Amino acid sequence: MAKIEKVELLMVDLAPKVKRTDAIQSFVSQETPIVIITDRDGAVGTGYSYTIGTGGSSVMRLLADHLAPRIIGKDADRIEAIWRDLEFYTHATTIGAITAIALAAIDTALWDLRARKMGLPLWKLAGGASDRRPLYTTEGGWLHIDKQALVEDGLAAREKGFTGSKVKIGKPRAAEDVERLEAMRAALGDGYEIMTDANQGFGLDEAIRRSGRLADLDLAWIEEPLAADDIDGHVRLSNSTSTPIAIGESLYSIRHFREYMQRGACSIVQVDVGRIGGITPWLKVAHAAEAYNIPICPHFLMELHVSLACAVPNGKYVEYIPQLDEITGEKMKIESGMAIAPSAPGLGIDWDWQEIRRRAISEFNSVIA
């Protein structure tokens with residue numbers, strides 16, 4: 001048994017590589033809380049999570065004031081016990097984004113620590129279903145991008161071997177969304193997947209109307225068409241269209257996913273390790289989805305999700321949005337449009353510690369021992 005001896009907390013703010021807009025917001029920055037856990041054997045594990053521009057300071061205070069001190073002296077191997085203790089300890093703020101983001105940073109650090117001590121890459125430790133998964137790209141599909149640029153980006157992605165492209169929808173008029181997607185389908189043909197994402201931008205009536213307009217385009221899915229907590233609406237929408245409905249980016253509890261799957265309110269699960277509270281609950285959602293014969297297509301965090309999508313048998317896609325390039329050395333490996341699972345022990349992320357410490361926001365730096 002190796003008890004946790006020290007927890008270091010850092011946060012860096014990363015600007016998006018491209019302008020990112022959708023139906024309800026712009027992604028202006030990635031606040032990235034980083035947790036470094038050291039046990040009494042001297043082994044170290046690193047975890048992280050993210051925001052899209054707000055709430056990072058609250059996450060760091062929750063970590064520093066409440067969560068990190070509570071795990072000092074705990075057995076680092078007892079990841080499930082630690083996760084459940086922290087969840088119940090913060091029950092007044094659970095279920096919710098701030099707590100889930102903080103839990104995720106600790107939980108991923110514990111899994112990294114375990115995998116490193118065992119000499120295994122995370123994808124093998126967590127299941128080892130496959131050593132690669134297909135990639136689709138989102139970086140060229142943001143809502144402000146014009147039709148021709150969408151097509152050009154899709155053609156370039158297909159040339160690289162990517163499986164598909166995601167296009168944001170939610171223009172003021174349905175005809176605008178249809179025109180953009182028809183241009184993509186005409187240029188890329190039937191063999192290339194086109195995913196869409198409404199970012200919770202529609203009411204039920206509009207979602208049903210637009211899904212009907214888009215039905216002939218054979219879309220891979222419509223993502224987050226409604227408010228994430230509108231399960232009844234998703235049931236009605238799923239029953240009204242043959243296009244798969246994808247959910248999960250904005251869900252924070254395994255029980256929320258259970259209800260969606262039980263009620264037939266989705267056919268794609270996009271569980272996000274940074275939103276669900278870490279690898280521990282992520283794997284539970286993925287295995288539950290397997291029981292419902294539902295594929296896992298995790299949202300964002302490609303550098304981490306490549307390992308998790310490869311760990312489980314129903315991992316279907318990895319979403320290509322590079323965001324850690326400025327604070328990592330070796331990047332996620334891509335071969336013929338496939339994301340390759342890392343071979344190094346742990347999460348397999350090659351952190352550039354000199355750059356991380358240079359960028360770390362000093363007011364949030366702390367060490368708990």
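## Around Trp282

Setting aside its neighbours within four places in sequence, tryptophan 282 is in contact with Val271, Asp272, Val273, Ile276, Ile296, Pro298, His305, Leu308, Ala309 and Val312. Keep in mind that this is a predicted model.

Tryptophan 282 also shows up when you look at the nonpolar interior: in the largest nonpolar core, which has 113 residues, Ile37, Val269 and Trp282 touch the most other members. Helix H3 gives the most to this core, with nine residues. Apart from it lies another core, of eight residues, and Tyr136, Trp221, Ala246 and Ile268 are among them. As a general point, nonpolar side chains in soluble globular proteins tend to be buried together.

## Lys166 and its network

Now for some charge. Lysine 166 sits in strand S5, residues 164-168. Is lysine 166 buried or exposed? It counts as buried, at 2% relative accessibility, given that the cut-off for buried is under 20%.

What does lysine 166 have for company? It belongs to a network of salt bridges that links Lys166, Lys168, Asp197, Glu223 and Glu319. Its side chain also makes a polar contact with the side chain of tyrosine 136, at 3.3 Å. Leaving out neighbours within four places in sequence, the contacts of lysine 166 include Asp197, Glu223 and Glu319, along with Tyr136, Thr137, Thr138, Gly141, Met195, Thr196, Trp221 and Gln270. Two of these contacts, Tyr136 and Trp221, are also among the members of the eight-residue core.

## Salt bridges across the chain

The structure holds 27 salt bridges. Side chains of opposite charge can pair when their charged atoms come close. One of these bridges joins the side chains of arginine 357 and glutamate 8, at 2.6 Å from N to O. Arginine 357 lies in helix H13 (residues 353-359) and glutamate 8 in strand S1 (residues 4-14), so this pair ties together parts that are 349 residues apart in sequence. Glutamate 8 is buried, with a relative accessible area of 16%, while arginine 357 is partly exposed, at 42%.

Aspartate 39 and lysine 117 also meet through their side chains in a salt bridge, 2.8 Å from N to O. Here the link runs between distant parts of the chain, with aspartate 39 in strand S2 (residues 30-39) and lysine 117 in helix H3 (residues 97-118), 78 residues apart. Aspartate 39 counts as buried at 1% relative accessibility, and lysine 117 is partly exposed with a relative accessible area of 38%.

## A bridge within H1

Arginine 61 forms a salt bridge with aspartate 65, and their closest N and O atoms are 2.5 Å apart. Both residues lie in helix H1 (residues 56-71), four residues apart, or about one turn of the helix. In general, an α-helix has 3.6 residues a turn, so residues three or four places apart point the same way. As for burial, arginine 61 counts as partly exposed at 43% relative accessibility, and aspartate 65 counts as partly exposed at 43% too.

## The buried side of H7

Which residues are buried in helix H7 (residues 204-214)? They are Leu204, Glu206, Ala207, Arg210, Ser211 and Leu214. These residues cover an arc of only 155° around the axis, which puts them on the same side of H7.

What do the buried residues of H7 pack against? Their partners are helix H6 (174-188), strand S7 (221-223) and helix H8 (231-240). Trp221 and Glu223, in the S7 range of 221-223, are both contacts of lysine 166.

Note on methods: Residues are numbered from 1 along each chain as its sequence is written. This is a predicted model: local features need pLDDT of at least 70, side-chain atom pairs count only at pLDDT 80 or more; totals for chains, interfaces and linings use all residues. Side-chain values use heavy atoms; hydrogens and water are left out. Buried means under 20% relative accessible area, exposed over 50%, partly exposed in between (1.4 Å probe, protein chains only). Helices (H or I, at least four residues) and strands (E, at least two) are DSSP runs, numbered from the N terminus. The arc is that of the directions from the helix axis to the C-beta atoms. Contact means heavy atoms within 4.5 Å. A salt bridge is a side-chain nitrogen of Lys or Arg within 4 Å of a carboxyl oxygen of Asp or Glu. A polar contact is a pair of N or O atoms within 3.5 Å; within protein, one must be able to donate a hydrogen and the other to accept it, and residues adjacent in sequence count only if both atoms are side-chain atoms. A nonpolar core is a set of buried Ala, Val, Leu, Ile, Met, Phe, Trp, Tyr and Cys residues joined through side-chain atoms within 4.5 Å.
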